[in-house]
Amino acid sequence: MLTLGIETSCDDTGAALVEDGEVLANVVSSQVDVHARFGGVVPELAARAHLRNLPMVLDEALETAGKTLDQVDLIAATSGPGLQIALLVGLAEAKGLAAATGKPFVAVNHLRAHLFAARMAFPDLEPPFLGLLVSGGHTSLVVVEEGFAIDELGRTRDDAAGECFDKIARKAGFAGAGGPAIQKRATGGSPKAYPFPRAHVKGAPLDFSFSGLKTHAAQVLEDGTLSEADFCASFQEAIVDALLKRVDRGLDRLAAEGRPVTAVAAAGGVAANARLAEKLAGLAEARGLRFCRTPLRLCTDNAAMIAGMGAYEFTRRGADPLDVPARPGLGFRPPVPEVAP
Ligand code: KG4
Ligand code: ZN
């Protein structure tokens, strides 16, 4: 089955073609330059850029894959979570193509798709496995069960891990995406140079909280007492530690509940972080578990994961009606605010 995937939930315009699990094309057009001078993603500008870029991105994906729209069997698009006005662009395009061609359409949950990307990269990764989803908008620890059912064990109470990287990088004046900028500058620095706080959420040991760390790091930056490399290495370590601790506790809890997993998978943009990957690999190995690190092109926002997840959902539940709304607040768990396009 050849699936066309479309992703426009935030500031990346993506189109991809996936055939029976194989990624034939995965085109992403980033809008980093559009939003850079505003210090954050401006929803209206994101939507306009998606409108401008999507036709080109779609053409490029079809051309790279060597396919025509006629050959596509299924059209999938992100319906949430994300910026409502941005989601509507990709969703409307996908529905329009489905209506014009008579091909089936499937609405895809972006969070599930991030986790599915790990499965696409490691086709023999069988549920149940522990999934750490760490991106610019979300931080969750989940168990992926049979049928790709998601049991969310913990989530962030405030900022996402990637958001914390991004906000501190911006405050420090680093150009480009925050996580990669801090990772690069952490090279050669000491992760122990400064004891950044590791927050605990009372009564919820598997939940995350990064806002205290963010405030503290901003203050340390203002004080200006640390070298750039030491600051970045210690700050990165605090985030990595917080993530590792929840993975460790999550595995303990699952073992205590008699729910063993065979693997730990990391997905979402922050999973691209080399220090996180190194430490997760060590933790998994110490517990005799497999570690599956989603490769970069499938980690950060992309449409291949939407096409892959879409094909999977289609085989399980069939097509969705064309009046499916955008769901900006979609999570692993409802309730869900709905907005019809
Ligand atoms: O998954 P993604 O592309 O978008 C969302 O769905 O949010 O994730 C983007 C996030 C950004 O916060 C970015 O700073 C972070 O992933 N990121 C990293 C690295 N590469 C991307 N964070 C830490 N280290 C990296 N190497
Ligand atoms: Zn994402």
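User: Which helices each supply at least two residues of the shell around ligand 1?

Analyst: In this predicted model, the helices that each supply at least two residues of that shell are α4 (110-121), α5 (161-172) and α6 (178-186). The largest share, four residues, comes from α6.

User: Which residues come nearest to ligand 1, and how do the residues of the shell divide by character?

Analyst: A residue belongs to the surroundings of a molecule if one of its heavy atoms lies within 4 Å of it. Here there are 20 residues around ligand 1, and Gly136, Asp166, Gly179, Gln183 and Asp301 come nearest. The shell comprises five nonpolar, 13 polar and two charged residues.

User: Which polar atoms of the protein lie close to oxygen atoms of ligand 1?

Analyst: A pair of N or O atoms is read as a polar contact within 3.5 Å. A polar side-chain atom of Asp166 is 2.6 Å from an oxygen atom of ligand 1. Polar backbone atoms also take part: that of Gly179 lies 2.9 Å from a ligand 1 oxygen, and that of Gly269 lies 3.0 Å from one. Of the 560 Å² of accessible area that ligand 1 has on its own, the protein covers 88%.

User: Where does ligand 1 sit, and what lines that space?

Analyst: Rolling a probe the size of a water molecule over the atoms reveals where empty space remains. Ligand 1 takes up space that is the largest pocket, which holds about 1,600 Å³. Its lining has 47 residues, with Asp11, Val41, Gly136, Asp166 and Ala177 nearest the centre. The largest share of the lining, seven residues, comes from α5. By character, the lining divides into 18 nonpolar, 21 polar and eight charged residues.

Note on methods. Residues numbered from 1 in each chain as written. Chains lettered and ligands numbered in written order. Predicted model: local features only at pLDDT ≥ 70, side-chain atom pairs only at ≥ 80, totals over all residues. Heavy atoms only, no water. Polar contact = N/O pair within 3.5 Å; in protein donor to acceptor, adjacent residues only side chain to side chain. Areas by Shrake-Rupley, 256 points an atom, 1.4 Å probe, with all protein chains shown as cover. 1 Å grid on protein atoms, 1.4 Å probe; cavity = no way out; pocket = protein on both sides within 12 Å on 5 of 7 lines; lining within 4 Å. Sits in = over half its atoms within 2 Å of the grid points. Nonpolar A, V, L, I, M, F, W, Y, C, P; charged D, E, K, R; others polar. Points joined across faces, edges and corners; volume = space filled by probe spheres on them.
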